[in-house]
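Me: Please take a close look at a single part of this structure, and then connect it to other places that a newcomer should examine. A formal, continuous account would be welcome.

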Amino acid sequence: MAALTRKLRKSTSSPLIGVGKTIAVFTSGGDSQGMNAAVRAVIRMAITCGSKVYLIHEGYQGMVNGGENIVEASWDDVSGILQMGGTVIGSARCKDFRERAGRLKAAYNLVMRGITNICAIGGDGSLTGANLFREEWSGLLQELFEQNKITQEQVAKYSYLNIVGLVGSIDNDFCGTDMTIGADSALHRIIECVDAITTTAVSHQRAFVLEVMGRHCGYLALVTGLACGADWIFIPEHPPGDGWEEKMCSKLNNARLWGNRLNVVIVSEGAVDCHGTPITSQQVKEVICRNLDLDTRITVLGHVQRGGSPSAFDRILGTRMGAEAVLTLLEATPDTPAYVVSLDGNQAVRVPLMECVEKTQEVQKALDMLEFEKAASLRGRTFQGNLDIYKKLGAMSKAKSLLSSAVLVELTHDGNEEVCAAKPYNVAVMNVGAPAAGMNAAVRSAVRTCLYNGYRSLAVHNGYEGLANDMVEEFTWNNVSNWVSLGGSKLGTKRTLPSQCGLDKIASVIKKWDIHAIICIGGFESLKGAVEFDKERCRYPEFEIPLVCIPCTVSNNLPGSDLTIGADTSLNMIVETCDRIKMSASGTKRRTFVLETMGGYCGYLATMSGMAAGADAAYIFEEDFSIKELQRNIYHLRNKMKGKIQRGLVLRNENANCNFSTDFIYRLYAEEGKNVFDCRMNVLGHMQQGGVPSPFDRNYATKCAAKAAFWTISQIEKNFVDGKMNCTGHDSVCLLGMRRRQMLFQPVEELKEETDFKHRIPKQQWWMQIRPLLRIMAHYSDDSAVYETDVSQ
């Protein structure tokens, strides 16, 4: 893997890298939210690079039929589609293209337009078809020449076809990428339905069986189960064993004994038992009604999962993938294999298309052979990690008499019961800093993981201030029921640091409750508190215990982690607000909105929401800007208002510049835009911290907290000597962060070098490398943009 920094032209005097080349883009197979973002990015990146670009309507069918189905695209042709679901250029499954005669017609239609570069957006079947087309290309051209349909010059000029694939699928069933375009949006639709159903289910004490899509892949059902705290899930990769009916009903019944007023069972449409026999929603309902006599209803979500506006993640993913696809095509040679642009952690990478397709097909072969563990493993590390967490958190049962942590009865998904005696260790869980969506899901996961392993779980209210004031309470399994979907912080949270609350008092409470480890879930204050905690160990022996920070803040401003819990929810709230504002502007022509976002000195929210909402500019602290830059942006908007799209959107991070405030920028735009456009200002404020957590934040919080709890348990077992804890090394005060695809425990002492404590941000931030895409998509007339990406050869 090599990081490449590329300019859109080699020098100011050389032509753009796409001059003389022609690109076409089409969508095929099932539609998914975010496809339009990818189409928009391909068109605009290609035009920016100097290429001619075509839209192929109706997928392969349009390629075969030709005519008006293949049209040259302009910049404005893809304006206003970023927030739209589905695919505006249509998608169709094409029988004709499966035959060589159909592919011959398609080749002729492309040659007549000079198209030798194709971006295919679809699933593994669509991408496999594109690769076959590429392999046959030279033979098809020779056949067309022999039929006198094209000339020898055309055969020579268009002698090879370059293909790049983007995976659009709500099922997230393609091996080789962490996420497919549309999967996150589908999860949003599902979770919205689950949350709505939960309220009516509680009212009537019902059980609900929800069927979600996933004919060959259980990703949607699995993540939904984690994100809503489902009692049971059925997925193809992890089928239940014999006698699952009684085991499931025992689990559901015990949930009722704990005091739950509802049960939720998630069924993937491709669910089977261990013998490969299909399990249907109706079958599950009948089992529950027969064994438990519960009022049980079925909800089949169906195609609602494909619909609606794409999430912020899918818009950004589609934009990044589309831009990278264009660069992949423009850098290709006749010997370049077909690539698929994939997501690896937070990086856009290129991987050989057919390697991914073959691995994806291996999964289905494993399922057909009833090799379920192999199938789950082939799905990848992310899927396997989700499944492991579900097994520990979602498939356990306890009798009502055993709700205390004295004795635990564990019932695994396979139904094997074992009793483990409680261990004499106490783990404290607390929130520190500003509230963020996902905090409660993290607390729930940490508490239940500790209880599952026989440890007492102590909940600390109101952060370090609460710890100093002895606001500590023992939590049982039932204390955190239904917390996964709640926003804010049920424990309460404060920004105060240990040094501000009284270190003597904190040490006294730790000793009183015999706390052996602390799990701290919060923002920048949690990091600073951990640094103080580590520093004061020499003075307070009570501090010689493991402490782990779980980054949780809307600002995404902690070092050591690419993403923090809560940022995704906030990002979606900002993007939804921008969509509404743009909609209002459509009725009032020539209007520009200036919006202020949160984030402190970190420009993550402003940058990413700007990309997801199609903003014209996003001002942030990390990137200096002057009055000349503001004037240049105003000039850009004045020119834009003369075209088809007569609205503007400008975002500003709250601490972007101490002199150029949001009010100043609004007034400057309003004054300089006179007689061309008017201006409005909105400060979004604490709306960005509210709302129910997104599916990503629920799932991410659940996994992070479980990993943190397992780490503290291992630290306790390793460092509990002679009746007391003896953690003196820096490696026992850590921050758990996601770096690319890895979850790492990093000593806070080492993270100090990576941190700008004055401005509360990391010194290096990964998302800065994709900021130029925002400017490229906004159609600025300069060519100074530099786009960075990782390329896997």
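Reply: **Strand β16 and beyond**

V460 stands opposite V472 in β17. The model under discussion is a predicted one. This residue pair belongs to the pairing of β16 with strand β17 (residues 472–475), which is antiparallel and comprises four bridges. Strand β16 itself covers residues 456–460, and because four of its five residues are buried, the rest of the structure largely encloses it.

Strand β16 has a further partner, strand β15 (residues 426–432), which runs parallel to β16 and is joined to it by five bridges. Here V427 faces S457 of β16. To pass from β15 to β16, the chain travels through helix α14 (residues 439–452), and the resulting β-α-β crossover is right-handed.

Parallel pairing also marks another region of the model. An open sheet of four strands is arranged in the order β22-β23-β21-β24, with parallel pairing. Strands β22 (617–619) and β24 (678–683) occupy the edges; each has a single partner strand, so one side of each lacks a neighbour in the sheet. From one strand to the next, the twist averages 20 degrees. The partner of β22 is strand β23 (residues 647–653), and the two are paired in the parallel sense over three bridges. Within the β22 and β23 pairing, A617 lies opposite V650 in β23.

Two helices accompany this sheet. Helix α20 (residues 604–613) lies across β21 (591–597), β22 and β23, and its direction is at about 165 degrees to β23. Helix α22 (residues 662–672) packs on the sheet as well, touching β21, β22, β23 and β24, and it makes an angle of about 165 degrees with β24.

Helix α20 also packs against helix α10 (residues 312–330), with the axes 8 Å apart and an angle of about 75 degrees. The helices α10 and α20 are therefore roughly perpendicular to each other. On the α10 side the contact is made by A312, R315, I316 and T319, and on the α20 side by M608, M611, A612 and A613.

Burial, already seen in β16, appears again in helix α7 (residues 219–228), where 10 of the 10 residues are buried, so that the helix is largely enclosed by the rest of the structure. Among the buried residues of α7 are Y219, L222 and C228. Just after α7, G229 adopts a positive phi of about 70 degrees.

C228 leads to the question of cysteines. The whole structure contains zero disulfides. For C193, which is in no disulfide, the nearest cysteine sulfur is that of C228, at 12 Å. C549 is likewise in no disulfide, and the nearest cysteine sulfur to it, that of C520, is 4.9 Å away. C549 is buried, having a relative accessible area of 0%.

A final residue to examine is V25, which is found in strand β2 (residues 22–27). V25 counts as buried, at 0% relative accessibility. Its contacts, leaving aside neighbours within four places in sequence, are V39, V42, I43, Y54, L55, I56, I89, C119 and I121. The C-alpha atoms of V25 and I70 are separated by 9.6 Å, although the two residues are 45 residues apart along the chain.

Methods:
Residues are numbered from 1 along each chain as its sequence is written. This is a predicted model: local features need pLDDT of at least 70, side-chain atom pairs count only at pLDDT 80 or more; totals for chains, interfaces and linings use all residues. Side-chain values use heavy atoms; hydrogens and water are left out. Two strands pair if DSSP finds at least two bridges between them. Axes are lines fitted to C-alpha atoms, for helices over the stretch in contact, and angles run from 0 to 180 degrees between N-to-C directions. Contact means heavy atoms within 4.5 Å. Buried means under 20% relative accessible area, exposed over 50%, partly exposed in between (1.4 Å probe, protein chains only). A crossover is right-handed if, with the strands pointing away from the viewer, the path from the first strand over the helix to the second runs clockwise. A disulfide is a pair of cysteine sulfur atoms within 2.5 Å. Angles under 35 degrees count as roughly parallel, over 145 as roughly antiparallel, 65 to 115 as roughly perpendicular and the rest as oblique.
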